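The following exercises concern side-chain contacts. Each task is followed by a solution in steps.

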Amino acid sequence: MGELKTEKHVEYILSVEKRKDDFVSVVMEHLRLNGAYWGLTTLDILGKLEAVDQDEVVSWVMQCQHKSGGFGGNIGHDPHLLYTLSAIQVLALFDKIEVLDIEKVSNYIAGLQNEDGSFSGDMWGEVDTRFSYIAICSLALLHQLDKINVEKAVKYILSCQNLDGGFGCTPGAESHAGQIFCCVGALAITGSLHHVDEDLLGWWLCERQVKSGGLNGRPEKLPDVCYSWWVLSSLIMIDRVHWIDKEKLVKFILDCQDKENGGISDRPDDAVDVFHTYFGVAGKC
Ligand SMILES: COc1ccc(S(=O)(=O)N2Cc3cc(C#N)ccc3N(Cc3cncn3C)C[C@H]2Cc2ccccc2)cc1
Ligand SMILES: [Zn+2]
């Protein structure tokens, strides 16, 4: 079965944090704040968060804040909910939420709720249930859920529930594991899980496990380590995690490790990255 090469993954994450000018760093520059969340949370799960300079990270994160109160993916970038949650999560990792102007950030997030209860990701207006989760998770971390209309937010999420028990990104969109995680997560935070048909959704989710033990995001798709997280945590939230074979899933994740240089890929023998290393470690642990 093998085991999680913890030391190798810590070295890999620290090397990515330091790299600035290679291809991946340039490609990922616009979502560096997300990358910081994935990398630092991985280090924290592996008990190695003290390996980074907390003050340096906190001051860099705060430089990503836009005058609107939202955060961009890097210094000087336009604000978006995607990066605002990552900023709050990184500060929470270091227990430094107090450096935030809570009022300003909460108003930015609340300002993105639409009349129908849905959320846009930024001022350009794209609506997606991912943004409902990000807004609700962010405000819950800041204890500011009273800033939004939770009842309408829940109502909108339920309007995206499908006959297969799953959720899509907008009403009528097909069920997808990533959207299911976001919708189930938002319903869990707001105490609204009683609206979910746990047997029907549990069945759709456990059907994501393929014979290799890995989990896919939709029927007929290839397994992918990041889905091990979206599906697994959704099953845990609806108390149906015993419906999948955890040992086989762990074996799939361990097979996706680069045992030499550290890091975890989306599936065996692919290139590793911070994102899949994070979700692989989270899924394994
Ligand atoms: C390397 O090409 C890419 C492609 C897209 C993106 S992305 O849009 O920022 N993003 C985050 C992401 C980060 C990394 C890393 N390091 C790698 C992939 C990946 N994907 C793509 C992916 C993952 N599994 C299969 N696929 C194809 C998800 C995507 C969307 C997402 C964002 C935040 C939270 C969850 C999901 C980044 C890099
Ligand atoms: Zn993936």
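**Exercise 1.** Classify arginine 130 by its accessibility, then describe the salt bridge that joins arginine 130 to glutamate 126.

*Solution.* The model is a predicted one.
Step 1. The relative accessibility of arginine 130 is 29%. Buried requires under 20% and exposed over 50%, so arginine 130 counts as partly exposed.
Step 2. Glutamate 126 has a relative accessible area of 46% and is therefore partly exposed.
Step 3. The two side chains, glutamate 126 and arginine 130, meet in a salt bridge with an N to O distance of 4.0 Å.
Step 4. A network of salt bridges links Glu126, Asp128 and Arg130.

**Exercise 2.** Determine which parts of the chain are tied together by the salt bridge between aspartate 199 and arginine 240, and assign a burial class to each partner.

*Solution.*
Step 1. The salt bridge between the side chains of aspartate 199 and arginine 240 has an N to O distance of 3.0 Å.
Step 2. Aspartate 199 belongs to helix α10 (residues 198-206), while arginine 240 lies in the loop between α11 and α12 (246-255), so the pair ties together parts 41 residues apart in sequence.
Step 3. Aspartate 199, at 44% relative accessibility, is partly exposed. Arginine 240 has a relative accessible area of 15% and is therefore buried.
Step 4. Arginine 240 has a further contact: arginine 240 lies over the face of tryptophan 243, 5.4 Å from the ring centre.

**Exercise 3.** How many salt bridges are counted, and which parts does the one between lysine 147 and glutamate 103 tie together?

*Solution.*
Step 1. The count comes to eleven salt bridges.
Step 2. In the bridge between lysine 147 and glutamate 103, the closest N and O atoms are 3.4 Å apart.
Step 3. Lysine 147 is found in the loop between α7 (129-141) and α8 (150-158), and glutamate 103 in helix α6 (residues 102-110); the pair therefore ties together parts that are 44 residues apart in sequence.
Step 4. Lysine 147 is partly exposed at a relative accessible area of 26%, and glutamate 103 is partly exposed at 44%.

**Exercise 4.** Work out the geometry of the ring pairs that tryptophan 230 forms with phenylalanine 181 and with phenylalanine 279, and locate the three residues in the helices.

*Solution.*
Step 1. A pair of aromatic rings is described by the distance of the centres and the angle of the planes. The count of aromatic pairs comes to eight.
Step 2. For phenylalanine 181 and tryptophan 230, the centres are 5.3 Å apart and the planes stand at 55°, a tilted pair.
Step 3. Phenylalanine 181 lies in helix α9 (residues 177-189) and tryptophan 230 in helix α11 (residues 225-237), so this pair ties together parts 49 residues apart in sequence.
Step 4. For tryptophan 230 and phenylalanine 279, the centres are 4.7 Å apart with the planes at 50°, so this pair is tilted.
Step 5. Phenylalanine 279 lies in helix α13 (residues 274-284) and tryptophan 230 in helix α11; the parts tied together are therefore 49 residues apart in sequence.
Step 6. Tryptophan 230 is buried, with a relative accessible area of 17%, and phenylalanine 279 is buried at 4%. Phenylalanine 181 is also buried.

**Exercise 5.** Which residues do ring pairs link into a cluster, and over the face of which residue does arginine 208 lie?

*Solution.*
Step 1. The cluster linked by ring pairs consists of Tyr37, Trp38, Tyr133, Phe181, Trp229, Trp230, Phe275, Tyr278 and Phe279.
Step 2. Arginine 208 lies over the face of tryptophan 204, at 4.3 Å from the ring centre.

Conventions:
Residues are numbered from 1 along each chain as its sequence is written. Chains are lettered from A and ligands numbered from 1 in the order in which they are written. This is a predicted model: local features need pLDDT of at least 70, side-chain atom pairs count only at pLDDT 80 or more; totals for chains, interfaces and linings use all residues. Side-chain values use heavy atoms; hydrogens and water are left out. Rings of Phe, Tyr and Trp (its six-membered ring) pair if their centres lie within 6.5 Å; planes under 30 degrees apart count as stacked, over 60 as edge-to-face and the rest as tilted. Helices (H or I, at least four residues) and strands (E, at least two) are DSSP runs, numbered from the N terminus. Buried means under 20% relative accessible area, exposed over 50%, partly exposed in between (1.4 Å probe, protein chains only). A charge sits over a ring if NZ of Lys or CZ of Arg is within 6 Å of the ring centre and within 35 degrees of the ring normal.
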